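Visitor: I'd like to know how the labels on a model get decided. Could you walk me through a few?
Guide: Sure, have a look at this one.

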Amino acid sequence: MIAGEDQGGVTKSQNWQGGGGYRFYELAPTLINKDAFGEAVINPDYNADTLAAAVALHEGFTYQPNADFFWRQATGNENSYLFTTTRHLTADYLDAIKGSMEEDEYLVIACRSYDKGLDKAYTNIAVKKIPQMLLDRCEFGKDDYSLNIVHPPVYEDEEVEDDE
């Protein structure tokens, strides 16, 4: 109870007088599932935008799609970008993207599949296959991610909300 109406248990033993706050977080669904054959597959609950945002987060990029260049979905720094697509990457498609890039730009393309050799076609474009690129960042076979936090960290810049 946040309002201080419960006067038993921990409330009584710690002489708590009320007040406080809480934060609510909603977790995203699992990004990668195992199919009936034990193969890693992208969760069908993810649409193109949520998949791109999730891959950006896992790869250390900031998801912020660019209105002028579709392949600039996420930014790593001022000259590096991430493009996530669910389509098969062909040489023609990759060449078209390369043609719109500046010389000093670097791009990571995360796709479901690509033509042989495209991962080595350009020195400033890295081509990676999803979900394989994320497998080392995922944990499988675990249903409970409860944490036993005895002493949670307190940050000085956090605002504390009082609910009375």
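Visitor: What phi does Gly60 take just after H2?
Guide: Gly60 has a positive phi there, about 85°. Helices here are DSSP runs of H or I with at least four residues, strands are E runs of at least two, and both are numbered from the N terminus. Bear in mind that this is a predicted model, where local features need pLDDT of at least 70, side-chain atom pairs count only at pLDDT 80 or more, and totals for chains, interfaces and linings use all residues. Residues are numbered from 1 along each chain as its sequence is written, and side-chain values use heavy atoms, leaving out hydrogens and water.

Visitor: How do you know that the span of helix H2 agrees with what it should be?
Guide: The expected span is 1.5 Å times one less than the number of residues. For the 12 residues of H2 (48-59) that gives 16 Å, and the end C-alpha atoms are 16 Å apart, so the two agree.

Visitor: What makes Phe83 and Tyr93 a tilted pair?
Guide: Rings of Phe, Tyr and Trp (its six-membered ring) pair if their centres lie within 6.5 Å; planes under 30 degrees apart are stacked, over 60 edge-to-face, the rest tilted. The structure holds 5 aromatic pairs. Phe83 and Tyr93 sit 6.5 Å centre to centre with 55° between the planes, hence tilted. Phe83 is in strand E5 and Tyr93 in helix H3, 10 residues apart.

Visitor: Why does Phe83 count as buried?
Guide: Buried means under 20% relative accessible area, exposed over 50%, partly exposed in between (1.4 Å probe, protein chains only). Phe83 has 4% relative accessibility, so it counts as buried.
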